[in-house]
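This report follows how one chain is packed, going from individual side chains to the cores and the surface. Please look at the sequence and the model before reading on.

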Amino acid sequence: MVHGTGRRIRRATAAEGAGESGLAKLIELHALNAFGDMLITIALASTIFFSVPTGEARGRVALYLLVTMAPFALLAPVIGPLLDRLPHGRRAAMAMSMLARAVLAWTMAGVVVGGGLALYPEALGVLVASKAYGVVRSVVVPRLLPSRLSLVKANSRVTLAGLLATMVAAGVGGLLHLIGPGWPLRGAFLVFVAGTLMAFHLPHAVDSAKGEQRAVLHAEEHPPGHHGLLHGKAAPPPAPEPAAAAQKPRASLRTVGPSVILALRAMAAMRWLVGFLVMFLAFLLRDDPIGGLRPTLALGLVALAAGTGNALGSLLGSLLRTRGPEVTVTVMLLVAGCATAAAALWYGAATVVLVAGTAGMAASLGKLSLDALIQRDVPESVRTSAFARSETALQLSWVAGGAVGILLPLNGGLGLSVAAAVLGAMLLWTVRSLLRVGVRHHPAAPRVA
């Protein structure tokens with residue numbers, strides 16, 4: 001049975017040319033990554049939330065939010081540019097992120113019972129390693145892209161594999177936790193050791209820079225059809241400019257293009273909503289469960305809806321045929337805003353489950369569109385830094401939403417009304433930007449440097 005299941009999984013991951021290009025191996029590696037991260041999450045959740053009273057839990061979760069900001073403060077200025085300068089070391093970088101989490105998981109297994117502050121530096125290290133892996137994985141996808149798949153579809157296939165692994169890991173982690181609080185971490189240790197070995201079995205194309213050229217970034221918006229390369233060759237150096245023109249700001253990662261900025265702004269709003277719902281509903285449903293349900297059952301239903309929505313978003317991305325990720329991310333923001341407004345007006349069990357599922361779907365599909373835009377519009381030479389900085393912005397948005405969720409009074413209608421107002425404002429801004437930017441209708445093609 002195990003052998004047959006393995007063969008079916010391998011056929012699914014290798015479909016549409018993914019086996020020949022090497023994308024299938026990346027999909028399987030990402031599934032292991034998600035499995036291990038979920039085991040660590042289960043072990044930590046039992047110490048910082050469920051095992052303490054609500055008042056004390058809010059303080060611990062606030063500390064956790066501060067801890068989550070640190071990896072991204074480190075990630076943007078250090079890890080991204082470092083990986084940009086190591087185009088031949090992507091497999092080693094992914095393996096090291098796995099190995100670091102294996103060591104930290106084994107170390108945390110010995111101190112997780114007490115749940116003291118000593119656990120937080122190790123959790124910080126896990127977050128840094130996990131996000132470093134995520135940045136490198138996003139950059140690697142275009143190098144393994146089969147000719148029959150679009151970037152959105154390839155990204156969604158990788159993400160969907162991670163979500164399925166997460167669901168399986170949730171059940172396995174729950175069983176391991178029954179044995180003891182440290183056992184999910186010991187299981188994560190074994191998973192990440194296997195992931196370390198698997199990372200080195202990725203195709204050599206991951207580390208190959210053959211045929212790549214350095215693109216030219218412009219501070220101004222690119223003209224239509226211009227991608228920083230001229231006829232496959234590096235653009236010539238600009239002619240000397242007058243002193244007045246020399247005062248113009250130099251090109252930076254802010255020049256990734258208006259489409260990427262539009263999608264990043266919309267995704268920041270959706271990630272803000274996810275962070276808000278996680279923290280606000282977690283404490284609200286503990287004190288005032290919806291529909292007379294037990295707190296654990298109410299939280300379980302919301303978590304199931306969010307996970308199902310996340311998986312649905314990845315599945316829709318896998319089936320997506322559109323060539324306009326800008327429109328996709330805008331529509332997702334509209335859908336999330338409408339669901340939040342409905343939950344604010346008619347607060348109840350059905351609407352809370354609806355908004356959780358919708359937020360999960362919108363954030364998942366919106367992130368796939370953002371990744372595709374970065375892979376399409378940002379040159380290879382700075383793509384890792386672009387991913388690192390976008391992840392920084394998105395995580396800080398999540399933290400900001402979570403902070404608002406902790407600070408607001410535990411009133412369902414009030415909290416969801418605030419969330420709907422924030423999304424409404426961001427939707428107007430995004431639609432205005434979309435009307436100015438327009439939609440590129442040519443197929444997405446990864447740019448190289």
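Leu 333, with neighbours within four places in sequence left aside, is in contact (heavy atoms within 4.5 Å) with Ala 266, Ala 269, Met 270, Leu 423, Met 426, Leu 427 and Thr 430. The model is a predicted one, in which local features need pLDDT of at least 70 and side-chain atom pairs count only at pLDDT 80 or more, while totals for chains, interfaces and linings use all residues. Residues are numbered from 1 along each chain as its sequence is written, and side-chain values use heavy atoms, with hydrogens and water left out.

Leu 333 is also among the residues that touch the most other members of the largest nonpolar core, which has 61 residues; the others are Leu 273, Phe 276, Leu 277, Leu 281 and Leu 370. A nonpolar core is a set of buried Ala, Val, Leu, Ile, Met, Phe, Trp, Tyr and Cys residues joined through side-chain atoms within 4.5 Å; buried means under 20% relative accessible area, exposed over 50%, and partly exposed in between, with a 1.4 Å probe and protein chains only. Two or more residues of this core come from each of α6, α10, α11, α12, α13, α14 and α15, and α10 gives the largest share, 20 residues. A second, separate core of 43 residues includes Leu 39, Ala 43, Met 108 and Ala 154.

Helices (H or I, at least four residues) and strands (E, at least two) are DSSP runs numbered from the N terminus, and the chain has 15 helices and 2 strands. Of its 449 residues, 53% count as buried.

Two leucines show the contrast between interior and surface.

| Residue | Helix | Relative accessible area |
|---|---|---|
| Leu 373 | α13 | 0%, buried |
| Leu 319 | α11 | 53%, exposed |

Leu 373 is in contact with Ser 259, Val 260, Ala 263, Pro 325, Glu 326 and Val 378, again leaving aside neighbours within four places in sequence. Its C-alpha atom is separated by 8.9 Å from that of Val 152, although the two residues are 221 apart along the chain.

Leu 319, by contrast, joins Leu 312, Leu 315 and Leu 316 in a nonpolar surface patch of about 330 Å².

Across the chain, residues 24 or more positions apart account for 86% of the contacts with a separation of 6 or more.

Terms used
Patches are made of residues with over 30% relative accessible area and no salt bridge: like charges are joined within 9 Å, nonpolar side chains (Val, Leu, Ile, Met, Phe, Trp, Tyr) within 5 Å. Accessible areas come from the Shrake-Rupley method with a 1.4 Å probe; for residues, only the protein chains shown count as cover. A salt bridge is a side-chain nitrogen of Lys or Arg within 4 Å of a carboxyl oxygen of Asp or Glu.
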